[in-house]
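Hello,

Here is the structure I promised to pass on to you. Could you open it beside this message and follow along as you read?

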Amino acid sequence: MAFISSGYNPDKPMENRITDIGPRHYAEFYPPVIKKNKGKWLYHEILEPGIIVHVAEGGDELYTIRCGGCRLMSVSHIREIMEIADKYCDGYVRWTTRNNVEFMTDTKEKAMSMKDDLLARKQPGGCYKFPIGGTGASVTNIVHTQGWIHCHTPATDASGTVKATMDVMFDQWENMKLPAKLRISMACCLNMCGAVHCSDIAILGYHRKPPMIDTEYIDKMCEIPLAIAACPTAAIRPAKVELPDGTKVNSVAVKEERCMFCGNCYTMCPSMPLADTEGDGIVLMAGGKISNRIDAPKFSKVVVAFIPNEVPRWPTMTTVIKKMVDVYSADANKYERLGQWAERIGWEKFFEKCELEFTHHLIDDFRDPAYYTWRQTTNFKFT
Amino acid sequence: MAEFKHKTPLIDQLETGPWTSFVSDIKREHESRMANPKGIDFQFEVECCDDLLGVLELSYEHGRTHWKHGGIVGVFGYGGGVIGRYCDQPEMFPAVAHFHTMRVNQPMGHFYTSEYLEQLMDLWERRGSGLTNMHGATGDIIFLGTSTPQLEEVFYELTHNINQDLGGSGSNLRTPSDCMGESMCEFACFDTQEFCYQMTMEYQDELHRPAFPYKFKFKFDGCPNCCVAAIARSDLSFIGTWRDDIRIDQEAVKAYVGGEIPPNGGAHASRDWGAFDIQKEVVGLCPTGCMRWDGSKLEINTPECTRCMHCINVMPRALRVGLDKGCSVLAGAKAPILDGAQMGTLIVPFIKVEEPYDEIKETVIEPIWDWWMEEGKNRERLGELIKRQGMQKLLEVTGFKAIPQMIQEPRSNPYVFWKEDEVPGGWKRDINEFRKYHQR
């Protein structure tokens, strides 16, 4: 491969440099029917799972087909999306805030012929390239993170856990039979990039061992006070350590019984790695939501303290998720989100119905606010 | 079929099942690069997809990541936009020894034409791995994997040929993002795309050159359904709302009651929930009980409505948001590190969203930045500064008046601070004066 210059001159790096131009203006990419009817939409209807029609004041219609996307996408896959957009949608396409792909067209006929085409496109192993669904009271795409594909702090993989979960949840993706929408999110460490803290069900990578300390390098690689300040439980203090050769170096000491393995010190200091084959795994959370519909947004709560990383398909994790979804689906009222249902029946009933073991790990012990999560009433149900 | 250097028996198991497979897709890209029917002179490792699958397989074997800590790379003039990444087994996987991510600022609403995507894909196929994320959780187009020498080349082509900039990373304003808003949704209370675009352009310097104590995010939701999750995922959340009556089409309400229109736009169609019952499904679920249905007319007591969207969501053809629209602003959302997760706290109940947005910039965004940039500690999110110095301090620096809408409930502890000038006589007192009336 011979280097081909773009025109950039490394000898004069600031010459001809264009900066601060921002993104392209969105209106360049609006389909004509959107350009014409923006702000004039009257109502919408979901015609069938994955297919929506929006109707504008003047009667114009916009048909949208929502397809699942992996988020991690190749240029080849995006080219295939472009080919479909060219064939049916005059070259227009959009992505959703949950990384689904939406093809938009102005007639029902075009939408239906596109649907057949999309569902016929399969990958060599038989997976759909463009599964249709994710609308209404369904399980839609899983907001997720980088995992072992690209990040340095994960405790689990993102793309793999998501594929495993969506395969198990596929029937809920292509149907709208739940009491309300059910959002699943995934984050590979508790930095919680994405939506884990506010989802109906959340998959969270977690460590269970304190960091190792690369004593010989720590003072060279790390700003030690930053590593100390990175700890939510103040488990880290500065320390002088003698290396085997007798040299004294500046390092840190970790009070292990005070460490809860968040990994934030490693984020700040490369000499404190903590990833571990047996120690790392999955925490499951439940009951969060973002919308203000009926009641306020809610944080998700930890309901399973640990499930091991069972590669490549995490069967225990997906079984527990499916059980929660099935029990919620059978028990909740129409329009009731998972968190609203759990609060109505009481979390003790949630654990009983979902057959989840309640362990001490689930009781909050982080600072003052922990008290407010304990039960200051005699009102409870026997389970 | 192209050859694969690495055996990947574990991740190969993710090539079956109905959901679209990222493993199959990465393999497809490998095959495309090896076949190279267009004769592209690849500027990044041809075998990168194969090596990426190899690294991933090794991570599946070990249950641990194989990316080295950190990585500081970028383009001149900017302090962010590129996430450096290096493999910790570069001899085994030389084609991903460098594997940096470039964040490309997405067009608002994630609308595209294939013509524009073609330009981006051509560029990334030639100068990068051919792998992307569509999209990063903050909104950016993610170019996943290239080498350091290609960063300037990609940036040059992006800006010169595609008129397209990078997004944000680091302690700065991150790439703002929005819901689809007025473009496709009848619930939108302001033009999320235009507001998001204008703020992105207004604060380009803050986005490209980190000047903050820590990261800062804007998100724009057209209504309280929060489809871009502004309330949970942005330091300043702009969420559309209205102040006047919900518009009611009584004939359409009757059509819902008569079963002519499916409730909630047909969102529950795959299951038999029985006939639509307006009393049970709408009036009875209204959180404030401000609705009344007498069998022929639906009434909403507007001053009692908290605009939760439920009734509008259930009957989109009969109920519409009001006409006096604007947005609420909430501040401080963040993930758990360090002090615990936060959702946005209401700081401005209602403000008009009108170009050129001066009122929002001058009375909300910039006073908050002035305060946080001065007072925020290293790596302290706005939400944590509000916790540390108090809501009252936020009010003081912004000039917002304390109002009951800002709280869920008044404090229950009586540890109330008073300012000296609020108390008659002030705090300077003479013990001898006190002793004249109170013997020791």
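Below is what turned up where the two chains meet, followed by the sheet that they share.

Please keep in mind that this is a predicted model.

First, the interface. Chain B brings 145 residues to the contact and chain A brings 140 residues. Putting the two chains together buries about 12600 Å², and carbon and sulfur atoms give 59% of that area. If you want places to look on the chain B side, try B:Trp19, B:His69 and B:Met184: these lose the most area to chain A, although together they make up 7% of what that side buries.

Next, the charged and polar pairs. There are 11 salt bridges between chain B and chain A. One to display is the salt bridge that joins the side chains of B:Arg28 and A:Glu80, with N to O at 2.7 Å. Polar contacts across the interface of chain B and chain A come to 79 residue pairs, counting those with both residues at pLDDT 80 or more. Helix α4 of chain B, residues 114-127, supplies the largest share of the side that touches chain A, namely 10 residues. Sorted by class, that side of chain B holds 62 nonpolar, 50 polar and 33 charged residues.

Now to the sheet. Which strands of the two chains pair with each other? They are β4 of chain A (residues 72-74) and β4 of chain B (residues 131-134), which run antiparallel and are joined over three bridges. Within this pairing, A:Leu72 has B:Asn133 as its bridge partner, and A:Ser74 stands opposite B:Leu131.

The pair belongs to an open sheet of five strands with antiparallel pairing, in the order β4(A)-β4(B)-β5(B)-β2(B)-β1(B). At its edges are β4 of chain A and β1 (82-83) of chain B, each pairing on one side only.

Two helices of chain B pack on this sheet. Helix α4(B) touches β2 (101-104), β4 and β5 (141-144) of chain B, and its direction makes about 20° with that of β5(B). Helix α5 of chain B (residues 148-161) touches β1, β2 and β5 of chain B, and its direction makes about 15° with that of β2(B). So that you can place it again, α4(B) is the helix that also gives 10 residues to the side touching chain A.

Best wishes

Conventions. Residues numbered from 1 in each chain as written. Chains lettered and ligands numbered in written order. Predicted model: local features only at pLDDT ≥ 70, side-chain atom pairs only at ≥ 80, totals over all residues. Heavy atoms only, no water. Contact = heavy atoms within 4.5 Å. Buried area = accessible area lost by both parts, 1.4 Å probe. Salt bridge = Lys/Arg side-chain N within 4 Å of Asp/Glu carboxyl O. Polar contact = N/O pair within 3.5 Å; in protein donor to acceptor, adjacent residues only side chain to side chain. Helix = DSSP H or I, 4+ residues; strand = E, 2+ residues; numbered from the N terminus. Nonpolar A, V, L, I, M, F, W, Y, C, P; charged D, E, K, R; others polar. Pairing = 2+ DSSP bridges. Axes fitted to C-alpha atoms, helices over the stretch in contact; angles between N-to-C directions.
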